[in-house]
Amino acid sequence: MELTRRDAAAALAALGASGGVALGARFAADRGERPEEDGSRDGDDAPADDEAVRETLTAVASVVYPSEIAGVSEFVEGFLAGRLDGSAHATGVRETVAELNHLANSWHGAPVADLDPADRDRLLREVGADTAEEDPEGTTAERVRYYVVNELLLALYASPTGGELVGIENPQGHPGGAESYQRGPQ
């Protein structure tokens with residue numbers, strides 16, 4: 001199954017985010033413009049810049065998304081274009097990605113995006129993101145689960161293609177057509 005930028009825009013729309021934000025950011029990137037970074041700081045606790053967030057979440061998506069999904073990079077990039085705004089949630093994503101990359105460097109000698117898929121999977125398990133409860137204010141494992149893993153899963157399953165993958169023909173917020181509501185159980 002192929003994910004597209006249209007799927008990313010649909011997922012953003014389902015979340016109430018503006019698809020226009022995603023398109024505007026993409027056109028700016030195509031022209032070589034860099035979006036302004038909110039809350040950048042110097043030092044080890046500095047949040048990740050948007051490029052590091054895109055690279056890291058794309059790398060993690062290759063581990064947490066089903067293997068039959070294609071077009072992951074464009075999809076994640078399109079989704080993040082609408083999510084990495086000036087909100088507190090975007091700041092949490094940036095800070096958590098920076099922390100995850102710090103752990104990857106410490107434990108595996110490279111940032112998440114430079115690890116092979118098996119090492120990315122192992123890193124997420126070592127952090128505890130595979131079993132942690134989601135909590136934006138919690139431990140590292142809980143924040144990675146909330147801001148990285150669940151962010152990616154939310155994007156996937158809020159999209160029409162991702163919904164179709166798990167048998168949700170019309171994810172919440174997407175139009176469906178009368179025939180999908182009139183069919184009986186098979």
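Colleague: Where is the place of R120?
Modeller: In this predicted model, R120 has its place in helix α6, which covers residues 117-127.

Colleague: And does R120 have a salt bridge, or none?
Modeller: R120 has no salt bridge although R120 is buried, and the nearest side chain of opposite charge, that of D116, is 7.0 Å away. A salt bridge here needs a side-chain nitrogen of Lys or Arg within 4 Å of a carboxyl oxygen of Asp or Glu, so a partner at that distance does not qualify.

Colleague: What does R120 touch, then?
Modeller: Leaving aside residues up to four places away in sequence, R120 touches A59, V60, S62, V63, V112, A113 and L115.

Colleague: How many salt bridges does the structure hold?
Modeller: The structure holds 9 salt bridges. One of them joins the side chains of R5 and E77, with 3.1 Å from N to O, and this pair links distant parts of the chain, since R5 sits in helix α1 (residues 5-14) and E77 in helix α4 (residues 72-83), 72 residues apart.

Colleague: Are R5 and E77 buried or exposed?
Modeller: Neither word fits, because buried means under 20% relative accessible area and exposed means over 50%. R5 is partly exposed with a relative accessible area of 25%, and E77 is also counted as partly exposed, at 23% relative accessibility.

Colleague: Which salt bridge does R54 make?
Modeller: The side chain of R54 meets that of E51 in a salt bridge of 3.8 Å from N to O. Both R54 and E51 lie in helix α3 (residues 50-64), where they are 3 residues apart, about one turn of the helix.

Colleague: Why would that spacing suit a pair?
Modeller: An α-helix has 3.6 residues a turn, so residues three or four places apart point the same way. Side chains of opposite charge can then pair when their charged atoms come close.

Colleague: Which of the two is buried, R54 or E51?
Modeller: R54 counts as buried, because its relative accessibility is 18%, whereas E51 is partly exposed with a relative accessible area of 36%.

Colleague: And what does D130 pair with?
Modeller: D130 forms a salt bridge with R125, and the closest N and O atoms of this pair are 3.4 Å apart. D130 is partly exposed with a relative accessible area of 38%, and R125 counts as partly exposed at 49% relative accessibility. There is also a network in which salt bridges that share partners join D119, R122 and E126.

Colleague: Changing topic, how many helices and strands are there?
Modeller: The secondary structure comes to 9 helices and 0 strands. Of the 186 residues of the protein, 41% count as buried, and in α1 the buried residues are D7, A8, A10, A11 and L12. Just after α1, G16 takes a positive phi of about 85 degrees.

Colleague: What about the largest nonpolar core, how many residues has it?
Modeller: The largest nonpolar core has 42 residues, and those with the most contacts inside it are V53, L57, Y65, V76, L100, V148 and L152. Helices α1, α3, α4, α5 (88-108), α6 and α7 (140-158) each supply at least two residues of this core, and the largest share, 9 residues, comes from α7. As background, nonpolar side chains tend to be buried together in soluble globular proteins.

Colleague: Take L100, what does L100 touch?
Modeller: Apart from residues up to four places away in sequence, L100 touches T56, V60, V112, L123, L124, V127, V144 and V148. More broadly, among contacts in the protein with a separation of 6 or more, 60% come from residues 24 or more positions apart.

Colleague: How is the pLDDT, and which helix has the lowest mean?
Modeller: The protein averages a pLDDT of 79, and 74% of the residues score at least 70. Among the elements, helix α2 (residues 19-30) has the lowest mean pLDDT, 40, while α6 has the highest, 96. Over residues 18-43 the pLDDT is below 50, and beyond near neighbours in sequence this stretch has 22 contacts in the model.

Note on methods. Residues numbered from 1 in each chain as written. Predicted model: local features only at pLDDT ≥ 70, side-chain atom pairs only at ≥ 80, totals over all residues. Heavy atoms only, no water. Helix = DSSP H or I, 4+ residues; strand = E, 2+ residues; numbered from the N terminus. Buried < 20%, exposed > 50% of the residue type's maximum accessible area, 1.4 Å probe, protein only. Lys, Arg positive; Asp, Glu negative; His and termini not counted. Contact = heavy atoms within 4.5 Å. Core = buried A, V, L, I, M, F, W, Y, C linked by side-chain atoms within 4.5 Å. pLDDT = per-residue confidence, 0-100.
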